[in-house]
Structure formats: C-alpha cells, structure tokens
Amino acid sequence: MFRMHIKYNGNVQGVGFRWNVFELSKSYIVTGYVKNLASGEVELLVEGKKSEVFDFVNTLEKKLEDFWYSKKIEIKPEGSHFDRFEIKYI
C-alpha cells in the first residue's frame with residue numbers, strides 16, 4: 001500500500017477545500033484523511049495503489065489549483081493504516 005503525505009499552503013481553509021477532497025476521494029480506491037492545521041495549511045494523507053494515489057492527487061490539484069500555491073510532499077512507509085477516507089478535525 002503506497003502512502004503519500006502532503007501539506008498544502010494557500011487559501012485552503014474556509015473555502016471547501018477539505019470537502020472537495022473528500023468528495024473526490026469517493027471516485028478513487030484510496031483511504032486516509034484530510035484536515036486543517038493550526039498553521040493555516042491543509043494536511044492530506046492518502047494511501048492506496050501507487051497509480052490510484054497519483055491519479056487522485058493529480059486530479060484534486062487540478063480541480064483546486066486556484067486555492068493552493070505550494071505543497072510539501074513526503075512519501076511514507078508502505079502499509080495500510082486506514083479503512084476509509086475521512087475529514088479529520090483539529
């Protein structure tokens with residue numbers, strides 16, 4: 001199970017960013033979460049088949065490109081840690 005951790009910077013809180021990511025996740029076979037951070041960033045942790053994760057992330061970044069201007073990506077150790085995709089709250 002491939003795992004990717006991304007933190008998005010920009011106008012990403014209070015604009016439906018998390019909701020849009022959550023809704024888009026329903027079209028992919030991925031698990032994980034999206035949540036706001038106190039820093040003003042949005043954190044995404046997504047896991048699944050490598051191709052599915054990349055397709056999901058590429059689609060969400062194109063769909064929400066007007067809201068984020070930079071990101072930090074970290075590839076996590078493989079393994080399955082979630083059984084669904086959800087919005088987490090601070």
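Trainee: How many bridges join strand β2 to strand β3?

Mentor: Good place to start, and keep in mind that this is a predicted model. Strand β2 covers residues 30-36 and strand β3 covers residues 42-48, and the two run antiparallel. The number of bridges joining them is seven.

Trainee: Which residue of β3 stands opposite Y33?

Mentor: Let's walk along the pair. V30 has G48 as its bridge partner in β3, and T31 stands opposite E47. For Y33, the residue standing opposite in β3 is L45.

Trainee: Which residue takes a positive phi in the hairpin of β2 and β3?

Mentor: Look at the stretch between the two strands, which has five residues. One residue of this hairpin has a phi near 100°. That residue is G40.

Trainee: What is the bridge partner of Y33 in β5?

Mentor: Strand β2 also pairs with β5, this time in the parallel sense, over four bridges. In β5, the partner of Y33 is E86.

Trainee: In what order do the five strands form the open sheet?

Mentor: We can build it up from the pairs. β2 pairs with β5 in the parallel sense, while β1 and β3 pair in the antiparallel sense over seven bridges, with Y8 bridging to V42 in β3. The pairing in the sheet is mixed, and the order is β4-β1-β3-β2-β5.

Trainee: Which are the edge strands?

Mentor: An edge strand of this sheet pairs on one side only. One spans 68-76 and the other 85-88. They are β4 and β5.

Trainee: By what angle are neighbouring strands of this sheet turned against each other on average?

Mentor: This average ignores direction, so to speak of parallel or antiparallel does not matter here. The value is 15°.

Trainee: Which strands does helix α2 touch, and what angle does its direction make with that of β1?

Mentor: Helix α1 (residues 17-25) packs on the sheet, and its direction makes about 170° with that of β5. Helix α2 (residues 50-63) packs on the sheet as well, touching β1, β2, β3, β4 and β5. Its angle with the direction of β1 is about 15°.

Trainee: Why is β3 largely enclosed by the rest of the structure?

Mentor: Check its two faces: V42, L44, V46 and G48 lie on one side, E43, L45 and E47 on the other, and both faces are covered. β3 is largely enclosed because, of its seven residues, the number buried is seven.

Trainee: And how many of the seven residues of β2 are buried?

Mentor: A residue counts as buried when its relative accessible area is under 20%. β2 is also largely enclosed by the rest of the structure, because the number of its residues that are buried is six.

Technical notes
Residues are numbered from 1 along each chain as its sequence is written. This is a predicted model: local features need pLDDT of at least 70, side-chain atom pairs count only at pLDDT 80 or more; totals for chains, interfaces and linings use all residues. Side-chain values use heavy atoms; hydrogens and water are left out. Two strands pair if DSSP finds at least two bridges between them. Axes are lines fitted to C-alpha atoms, for helices over the stretch in contact, and angles run from 0 to 180 degrees between N-to-C directions. Contact means heavy atoms within 4.5 Å. Buried means under 20% relative accessible area, exposed over 50%, partly exposed in between (1.4 Å probe, protein chains only).
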